[in-house]
Amino acid sequence: MVDFRAPRPSWPRFHPIGLTKYRSPFHRKRLTLQETLSPDLVKLAAKSARDEYTDGAVYQMLSRHEKNQSFKKALEDLARGEQSHYEFWKAYTHDTTVKVNRLKVYFTLLLRLTLGLTFTMKFLERHEDALHERYRQMVQNIPPADKARFEAMMEEEEHQESYLMGEIHEGRVKYMSFIVLGLADAVVEISGIHAGSLGIYNRTELAGLAGVVAGMAASIAMASAAYAQAKQGFEGSAKWSAIYTGVSYMFTAIFLALPYFLTGSMITALGISLVVGVALVAAMTYYDTVISARKFKRQFGEIAGIILAASFALYIAGTLIRQLLGIVIG
């Protein structure tokens, strides 16, 4: 394991207006060697230098906005590590000017502020995986004199994110499964209730109100179940597990019911509600799969399939009730 706490050259400060440019101290020494390098290596090295330079600026910006001192130090260590990697690749790129991709820096900061540091680092890790694969393809073109440094850099790249993740213990991640539970159950159950309402209610407001009332009752039941579940050996708080589950369920039920209060067409309201439900599931599933490193398509497909199947089944049930029993409300 590489010791990321070892002293490294200081990283140039990233300024929102006017970025500090950096030139490798090895630049002049390597000029005579660059003419003998493979053109492919020079091209890929230029891209790698830009990526490493930007990644360093990303970690530095995250560290400057991080209040947790442990997280802050870990991010600063990563920024210094990225500068070292930038220096390595910059030596192969002649006089190519390297600039920070400010859009990536600010987008990453937005992710950090809205979705948390754990999600942000896991999201960045996906980019790092592609970067590592590129490095492996370049290994044959690295000059023999630089092979040892290149291999050490590869080892450092492959362990640096796991080093940071070992330092991060965000509370919100503990309760992610309870949030997903509340949201997924709400989408399936409330969408089903609304679909069943097509055959019974004549007014969309009544169908929407039925969803809200059912959501209130079900959110309490789900919160109670989550509380009992968390008591069985869960490391976090049973109280917060119940709160996250119940609140996520209730908010989801309200979002799904809103279209029924905005239009008089039952079919239109149901269509919009289903789109909202699928969008909520997609967003939460993506968050969960990034955190847990699982496959998005499979997990999302399963939940979306359940939603549509339940909605269709209850639509048929509501229609049969209306036709066979003649029950109509509103």
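Which side chain meets that of R112 in a salt bridge? In this predicted model, the partner is E66, at 2.9 Å from N to O.

**Figure 1. Salt bridge between R112 and E66.** The two residues come from distant parts of the chain and are 46 residues apart. R112 belongs to helix α4 (residues 102-115), whereas E66 sits in the loop between α2 (39-64) and α3 (69-90). R112 is buried, at 16% relative accessibility. E66 is buried as well, at 7%. The model has five salt bridges in total, and this pair is one of them. Side chains of opposite charge can pair when their charged atoms come close.

**Figure 2. Salt bridge between K73 and D77 in helix α3.** The closest N and O atoms of K73 and D77 are 3.1 Å apart. The two residues are separated by about one helical turn, because they stand four residues apart in α3. An α-helix has 3.6 residues a turn, so residues three or four places apart point the same way. K73 is partly exposed, with a relative accessible area of 41%. D77 is buried, at 0% relative accessibility.

**Figure 3. Salt bridge between R203 and E205.** The side chains meet at 3.9 Å, N to O, which is inside the 4 Å cut-off for a salt bridge. R203 is partly exposed, at 43% relative accessibility. E205 is also partly exposed, with a relative accessible area of 36%. Elsewhere, K73, D77 and R80 are joined into one network by salt bridges that share partners.

**Figure 4. Aromatic pair F119 and F123 in helix α5.** The model contains nine aromatic pairs. In the pair shown here, the ring centres of F119 and F123 are 6.2 Å apart and the planes meet at 20°, so the pair is stacked. The cut-off for stacking is an angle under 30 degrees. Both residues lie in α5 (residues 117-138), four residues apart, or about one turn of the helix. F119 is buried, with a relative accessible area of 3%, whereas F123 is partly exposed, with 26%. Ring pairs link F119 and F123 with F107, Y286 and Y287 into a cluster.

**Figure 5. Surroundings of F119.** F119 lies in helix α5. Leaving aside neighbours within four places in sequence, F119 is in contact with L111, Y286, Y287, V290 and I291. Two of these contacts, Y286 and Y287, also belong to the ring cluster that includes F119. The C-alpha atoms of F119 and D288 are separated by 8.8 Å, although the two residues are 169 residues apart along the chain.

**Figure 6. S219 and its contacts.** S219 is a residue of helix α9 (residues 204-230). S219 is buried, with a relative accessible area of 8%. Beyond neighbours within four places in sequence, the contacts of S219 are G246, Y249 and M250.

**Figure 7. Helix α10 and its kink.** Helix α10 (residues 238-262) has 25 residues. From its first C-alpha to its last, α10 reaches 37 Å, close to the 36 Å expected at 1.5 Å a residue. A kink of about 25° lies at L256. The proline P259 comes shortly after this kink.

**Figure 8. Largest nonpolar core, centred on the contacts of V281.** The core has 38 residues, of which V281 and I307 touch the most other members. Elements giving two or more residues to this core are α8 (176-197), α9, α10, α11 (266-292) and α12 (296-325). Not counting residues up to four places away in sequence, V281 touches L183, V187, F300, I303 and I307. Apart from this core lies another, of 31 residues, among them Y53, A79, L117 and M138. In soluble globular proteins, nonpolar side chains tend to be buried together.

Methods: Residues numbered from 1 in each chain as written. Predicted model: local features only at pLDDT ≥ 70, side-chain atom pairs only at ≥ 80, totals over all residues. Heavy atoms only, no water. Phe/Tyr/Trp six-rings, centres within 6.5 Å; stacked < 30°, edge-to-face > 60°. Buried < 20%, exposed > 50% of the residue type's maximum accessible area, 1.4 Å probe, protein only. Contact = heavy atoms within 4.5 Å. Expected span 1.5 Å × (residues − 1). Bend = angle between axes of the 7 residues up to and from the residue. Core = buried A, V, L, I, M, F, W, Y, C linked by side-chain atoms within 4.5 Å.
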